[in-house]
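Biologist: I would like to learn how to read a ligand site and a helix. Could we go through one model step by step?

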Amino acid sequence: MILDIIHKKRLGKELTYQELKTFFNGYLEGDVPDYQMSALLMAICIHGMSEEEIFALTKVFIDSGDILNFSDLPGIIVDKHSTGGIGDKTTLVIAPIVAACGATVVKMSGRGLGYTGGTIDKLESIPGYRIDLSDEEIIDQVHQIGIVLTGQTADLVPMDKVVYALRDVTSTVDSIPLMASSIMSKKIAGGADKIFIDVKYGNGALLTKKDDAKELADLMVKIGKCYQKEVRYTLSNMNTPLGRTVGNSLEVLEAIDVLRGVEKDNPFVDLCIDIAAHMVSMALEIPYVDARGKVVESIRNDSAYHKFLELVKAQGGDLSGLKVSNHYSFIKSPCSGVIRKISALEVGKLAFRLGAGKEKIDDPIDYTVGVKLNKFVGDTVKKGDVLATLYYSDKAPEYEIDNIYKFE
Ligand code: URA
């Protein structure tokens, strides 16, 4: 039976719900070994899946664990997901803004994978911050302060945890059907009423082409419809790092600067305002322009920043303990000219080599290291100007400046 299923997909045929259920549940229960699941995943990568198969696989994923129910909480709950990027700290900014605008925020985030960082790793750079709240604690905290930012519970789509780990090491991550079922199963099981997805494309994203990102986004809207969940999305460029920093503590500090209005008028801030406005519009059922006005005002009057402080305190965090390494070196401009490109992928790799990410699931993360961009794309620089600061613990890494920057 298991071999027949692999063979069927290898021939490019459609699998039934029952076949997908048997195979994937068998894997979760340990009856199907890694090598057979790897073969099926590769066949899916090569031949794709029909919409019916993707809907069926999403259901198998959702049914593998708990389905959270927040219907007792006030208001419409809007969840947000990013397909992963370099320097992507949008959740740290958006969640307190949306809560400060009067919407209820229950956000369960994940860890980084490959060169892309995860919100939970960034939050853990704040000493004491708890990312393992129980369902009861989540409900209590939402009643008290209207916002929770925590990790995904072990029982939330356990199928995704095991399959994702295997995809990560079998070159089967960037499959649109597998991504759609992985993401949407977690969002639907996570109990949100409505969902906003930030689908990234570019050299620092899982999907490099914008057309593929659009295909994934449209598919997720269709999956949402099957569960009566409104899904909106944005397609955002990940050829350049998002914002000024890549690295856990550095990104928390940058998020605070955005919330305090210190960091403004750059593509990262614009993206945060846009996503937050969509979420507020969906949660409060008001037009986007009105929601955008509320979002901008929450930054101007510091209410979003205060909501962030309230959140950190409620979850046990101590911002005064947030540390950035005091060892640093500079990347200096080799010429005078205009910066035409800063490669997100190369900056991600650099931060990774500094110790900001994990190669294997159990590797430790150094929260204090990372890259801070002193100049952006479009800036005019002189030879010797500081382009970026590298924060390191042991030894500054080697890098090829031509791989990271292009000048004109
Ligand atoms: N993010 C996810 O949660 N799953 C994927 O498959 C890709 C990105």
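Biologist: Which helix gives the most to the shell around the ligand?

Modeller: This is a predicted model. A residue belongs to the shell if one of its heavy atoms lies within 4 Å of the ligand. Here α9 gives the most, with four residues. Both α8 (158-168) and α9 (176-189) supply at least two residues each.

Biologist: How many residues of each class are in that shell?

Modeller: The shell has four nonpolar, three polar and two charged residues. Among its members are His81, Tyr164, Met179 and Leu206.

Biologist: Which side chains have polar atoms close enough to the ligand for a polar contact?

Modeller: For a polar contact, look for N or O atoms within 3.5 Å of each other. Lys186 has a side-chain N or O atom 2.4 Å from an oxygen atom of the ligand. For Arg167, the distance from such an atom to a ligand oxygen is 2.9 Å. Ser182 places a polar side-chain atom 2.7 Å from a ligand nitrogen. Of the 240 Å² of accessible area that the ligand has on its own, the protein covers 93%.

Biologist: What span should helix α10 have, given its 17 residues?

Modeller: Count 1.5 Å for each residue after the first, because the expected span uses one less than the number of residues. For α10 (residues 210-226) that gives 24 Å, and the end C-alpha atoms are 25 Å apart, which agrees.

Biologist: Which elements do the buried residues of α10 pack against?

Modeller: Buried means under 20% relative accessible area. In α10 the buried residues include Leu216, Met220 and Ile223. The buried residues pack against α4 (51-62), α9, β4 (194-201) and β5 (230-237). Just after α10, Gln228 has a positive phi of about 55 degrees.

Methods: Residues numbered from 1 in each chain as written. Predicted model: local features only at pLDDT ≥ 70, side-chain atom pairs only at ≥ 80, totals over all residues. Heavy atoms only, no water. Polar contact = N/O pair within 3.5 Å; in protein donor to acceptor, adjacent residues only side chain to side chain. Areas by Shrake-Rupley, 256 points an atom, 1.4 Å probe, with all protein chains shown as cover. Nonpolar A, V, L, I, M, F, W, Y, C, P; charged D, E, K, R; others polar. Buried < 20%, exposed > 50% of the residue type's maximum accessible area, 1.4 Å probe, protein only. Contact = heavy atoms within 4.5 Å.
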